[in-house]
Amino acid sequence: MSKLDSSKKILIIEDEKNLARFLDLELSHEGYETKVEGNGRAGLDLALKEDWDVILLDLMLPDLNGFEVCRRVRKEKSTPIIMVTAKDSVLDRVAGLDDGADDYLVKPFAIEELLARLRALIRRSDMERQSRASQQKQIVFRDLIIEPQTRTVIRGNEIIQLSKRESSLLMILVENANTVVARDELLRQVWGYNEQVATNVVDVYVRYLRNKIDRPNRRSYIQTVRGTGYVMHS
């Protein structure tokens with residue numbers, strides 16, 4: 001099994017010293033960066049002050065139990081949490097998940113199972129983070145701010161809403177700025193070869209776009225290259 005990137009940080013909040021040391025050694029061996037805390041209140045402080053990829057959280061802790069630690073972390077952070085505990089009743093599991101835990105592992109457990117759950121949770125968390133970053137991404141083109149996920153263009157103080165086709169067409173032209181994009185290529189990327197569309201549909205949608213994003217009495221953002229296609233110059 002390949003070791004993981006050491007940048008993945010795991011906080012272990014566990015007061016059973018032998019188990020805490022075992023987890024620390026095993027996870028460090030797998031390439032994780034780890035820190036152990038045996039006190040609930042001190043563990044909560046660490047969870048909130050630093051950024052962690054996953055928190056392994058025992059339920060029965062001194063000063064502050066795991067349920068309360070989980071609730072308080074969830075008020076401020078979305079850090080993935082795996083509850084690790086000897087309490088195996090259905091009510092305890094439901095309570096832990098309702099308090100914001102992402103997973104629940106009952107002692108005793110095989111280290112291979114914990115590692116598999118860690119990998120799955122980190123993978124899911126990374127994908128969600130990437131998705132959020134993609135959704136928040138803005139593209140700036142000259143004086144236009146383009147938000148692909150909302151299909152919105154901001155020009156000065158004006159918010160311009162685009163249709164799905166208009167947005168796709170604009171993004172292709174922007175991504176190929178200063179390069180002429182042929183009508184056939186625009187037709188393929190925006191509409192697909194499998195769709196039955198009129199041959200002049202690209203010209204029609206370019207006109208729609210121009211009507212929305214161009215400023216009156218100024219040169220259009222989208223230039224026509226006669227007999228070939230369209231280009232947007234940066």
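Trainee: What makes β10, β12 and β11 an open sheet, and which strands stand at its edges?

Mentor: In this predicted model, three strands pair in the antiparallel sense in the order β10-β12-β11. The edges are β10 (181-182) and β11 (222-225); each has a single partner strand, so one side of each lacks a neighbour in the sheet.

Trainee: How do you know that β10 and β12 are paired?

Mentor: Pairing requires at least two bridges, and two bridges join β10 to strand β12 (residues 229-232). For alanine 182, the bridge partner in β12 is glycine 229. Helix α6 (residues 164-175) lies across β10, β11 and β12, at about 65 degrees to β12.

Trainee: Which order do the strands of the five-stranded sheet follow, and what supports the pairing of β1 with β3?

Mentor: The order is β2-β1-β3-β4-β5, with parallel pairing. The edge strands β2 (33-37) and β5 (103-106) each pair on one side only. Between β1 and strand β3 (residues 54-57) there are four bridges, against a requirement of at least two; the two strands therefore count as paired. Isoleucine 12 stands opposite leucine 56 in β3.

Trainee: Why is lysine 9 called buried?

Mentor: Buried means under 20% relative accessible area, and lysine 9 has 19% relative accessibility, so lysine 9 counts as buried. This residue is found in strand β1 (residues 9-13).

Trainee: What makes the approach of lysine 9 to aspartate 51 a polar contact?

Mentor: The side chain of lysine 9 reaches the backbone oxygen of aspartate 51 at 3.4 Å, and the cut-off is within 3.5 Å.

Trainee: How do you know that lysine 9 lies over the face of tryptophan 52?

Mentor: The distance from the ring centre is 4.7 Å, where the limit is within 6 Å. Lysine 9 is also in contact with further residues, including Glu33 and Val54.

Trainee: Why is the pair of tryptophan 191 and tyrosine 205 called edge-to-face?

Mentor: Their planes are 70 degrees apart and their centres 5.3 Å apart. Because planes over 60 degrees apart count as edge-to-face, and centres must lie within 6.5 Å, the pair meets both conditions. Tryptophan 191 lies in helix α7 (residues 183-191) and tyrosine 205 in helix α8 (residues 201-213), so the pair ties together parts 14 residues apart in sequence.

Trainee: Why is tyrosine 208 described as partly exposed?

Mentor: Its relative accessibility is 36%, which falls between the 20% and 50% limits, so tyrosine 208 counts as partly exposed. Tryptophan 191 and tyrosine 205, by contrast, are both buried. Trp191, Tyr205 and Tyr208 form one aromatic cluster.

Conventions. Residues numbered from 1 in each chain as written. Predicted model: local features only at pLDDT ≥ 70, side-chain atom pairs only at ≥ 80, totals over all residues. Heavy atoms only, no water. Buried < 20%, exposed > 50% of the residue type's maximum accessible area, 1.4 Å probe, protein only. Polar contact = N/O pair within 3.5 Å; in protein donor to acceptor, adjacent residues only side chain to side chain. Contact = heavy atoms within 4.5 Å. Axes fitted to C-alpha atoms, helices over the stretch in contact; angles between N-to-C directions. Phe/Tyr/Trp six-rings, centres within 6.5 Å; stacked < 30°, edge-to-face > 60°. Lys NZ or Arg CZ within 6 Å of the ring centre and 35° of its normal. Lists of a residue's contacts leave out its neighbours within four places in sequence.
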